[in-house]
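Let's take a walk through this fold together, beginning at its nonpolar core and moving out along the strands. Please keep the viewer open as you read.

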Amino acid sequence: MSLVAVEPGTSLGEVVSIHVAPARKVPTRPVESVVAEAGVGLVGDRYHGSRHRHVTIQSAPDLAAASEALGSTVEAGATRRNLTVSGGPLPGKPGARVRVGEEVLLEVVRPAAPCRLLDDWIGEGAMKAMHARGGSVLRILSGGTIAVGDRVVVESAPETPAEAP
């Protein structure tokens with residue numbers, strides 16, 4: 001997956017779904033809102049307490065493209081991502097910052113690779129259909145509550161190294 005640079009101020013639309021799973025290899029469940037704890041993760045999610053993998057995010061347009069490639073619907077919860085937003089493209093460069101609602105500030109850690117369980121849970125070829133559409137992994141810098149309908153905006157792009165003389 002190529003790392004996408006997204007300009008500050010770019011709207012990613014709004015949160016259209018939130019999914020959490022209490023443990024690995026357990027199906028996700030949809031929720032209307034979730035508490036995001038700075039430096040810790042989403043309360044009730046399997047990665048709560050992890051060092052950097054606090055939140056995963058994907059875009060609805062990428063799900064639509066994956067559905068078309070697969071020939072059947074790829075549901076947001078089946079991808080095991082926490083947040084699905086209505087717009088894109090998503091920032092993939094480490095250091096980019098994303099504001100969700102008024103309180104929550106996230107920072108991109110890395111692009112997210114499609115989960116190996118996709119072919120088992122969605123159907124043969126799902127992992128391939130999600131290739132380069134897996135979203136991003138982020139850490140929580142400022143906590144608060146994330147709710148369906150919250151506005152999502154790229155707040156800052158990562159620093160670019162200075163040109164060598």
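**From the core to the strands**

In this predicted model, the largest nonpolar core has 25 residues, and Val100 and Ile146 touch the most other members. The elements giving two or more residues to this core are strands E1 (11–20), E3, E5 (55–59), E6 (83–85), E7, E8, E9 (136–142) and E11. E1 gives the most, with four residues. A second, separate core of 11 residues includes Ala66, Val74, Leu117 and Leu118.

Let's zoom in on Val100. Leaving aside neighbours within four places in sequence, Val100 is in contact with Val15, Leu106, Ile146, Asp150, Arg151 and Val152. Val100 belongs to strand E7 (residues 97–100), where Val98 and Val100 make up the covered face, while Arg97 and Arg99 make up the uncovered one. This pattern is easy to follow, because side chains in a regular strand alternate between the two faces of the sheet.

Which strands pair with E7? One is strand E8 (residues 104–111), joined to E7 by four bridges and running antiparallel. Here Arg99 stands opposite Leu105 in E8. The hairpin of E7 and E8 has three residues between the strands, and Gly101 takes a positive phi near 65° in this hairpin. The other is strand E11 (residues 151–156), which also pairs with E7 in the antiparallel sense over four bridges. In E11, the bridge partner of Arg99 is Val153.

Now turn to strand E5. Is E5 enclosed by the rest of the structure or open? E5 is largely enclosed, because five of its five residues are buried. Both of its faces are covered: Val55, Ile57 and Ser59 are buried on one side, and Thr56 and Gln58 are buried on the other.

E5 has pairing partners of its own. Three bridges join E5 to E9, and these two strands run antiparallel; Thr56 stands opposite Val137 in E9. Three bridges also join E5 to E6, but here the strands run parallel, with Gln58 opposite Thr84 in E6. To get from E5 to E6 the chain passes through helix H1 (residues 60–70), and this β-α-β crossover is right-handed.

Thr84 deserves a closer look. Is this residue of strand E6 buried or exposed? Thr84 counts as buried because its relative accessibility is 2%, and the cut-off for buried is under 20%. Apart from neighbours within four places in sequence, Thr84 is in contact with Glu14, Val15, Val16, Ser17, Gln58, Ser59, Ala60, Leu63 and Ala76. Val15 is thus a name to remember: it is in contact with Thr84 and with Val100.

Next comes an open sheet of three strands, in the order E4-E3-E10 with antiparallel pairing. Its edge strands are E4 (41–42) and E10 (144–147), each of which pairs on one side only. Strand E3 (residues 33–37) pairs with E10 over four bridges, and the bridge partner of Ser33 in E10 is Ala147.

Finally, a word about the rings. How many aromatic pairs does the structure hold? It holds zero. There is, however, a charge placed over a ring: the charged end of Arg53 sits over the ring of Tyr47, 4.4 Å from its centre.

Definitions and conventions. Residues are numbered from 1 along each chain as its sequence is written. This is a predicted model: local features need pLDDT of at least 70, side-chain atom pairs count only at pLDDT 80 or more; totals for chains, interfaces and linings use all residues. Side-chain values use heavy atoms; hydrogens and water are left out. Two strands pair if DSSP finds at least two bridges between them. Buried means under 20% relative accessible area, exposed over 50%, partly exposed in between (1.4 Å probe, protein chains only). A nonpolar core is a set of buried Ala, Val, Leu, Ile, Met, Phe, Trp, Tyr and Cys residues joined through side-chain atoms within 4.5 Å. Contact means heavy atoms within 4.5 Å. Rings of Phe, Tyr and Trp (its six-membered ring) pair if their centres lie within 6.5 Å; planes under 30 degrees apart count as stacked, over 60 as edge-to-face and the rest as tilted. A charge sits over a ring if NZ of Lys or CZ of Arg is within 6 Å of the ring centre and within 35 degrees of the ring normal. A crossover is right-handed if, with the strands pointing away from the viewer, the path from the first strand over the helix to the second runs clockwise.
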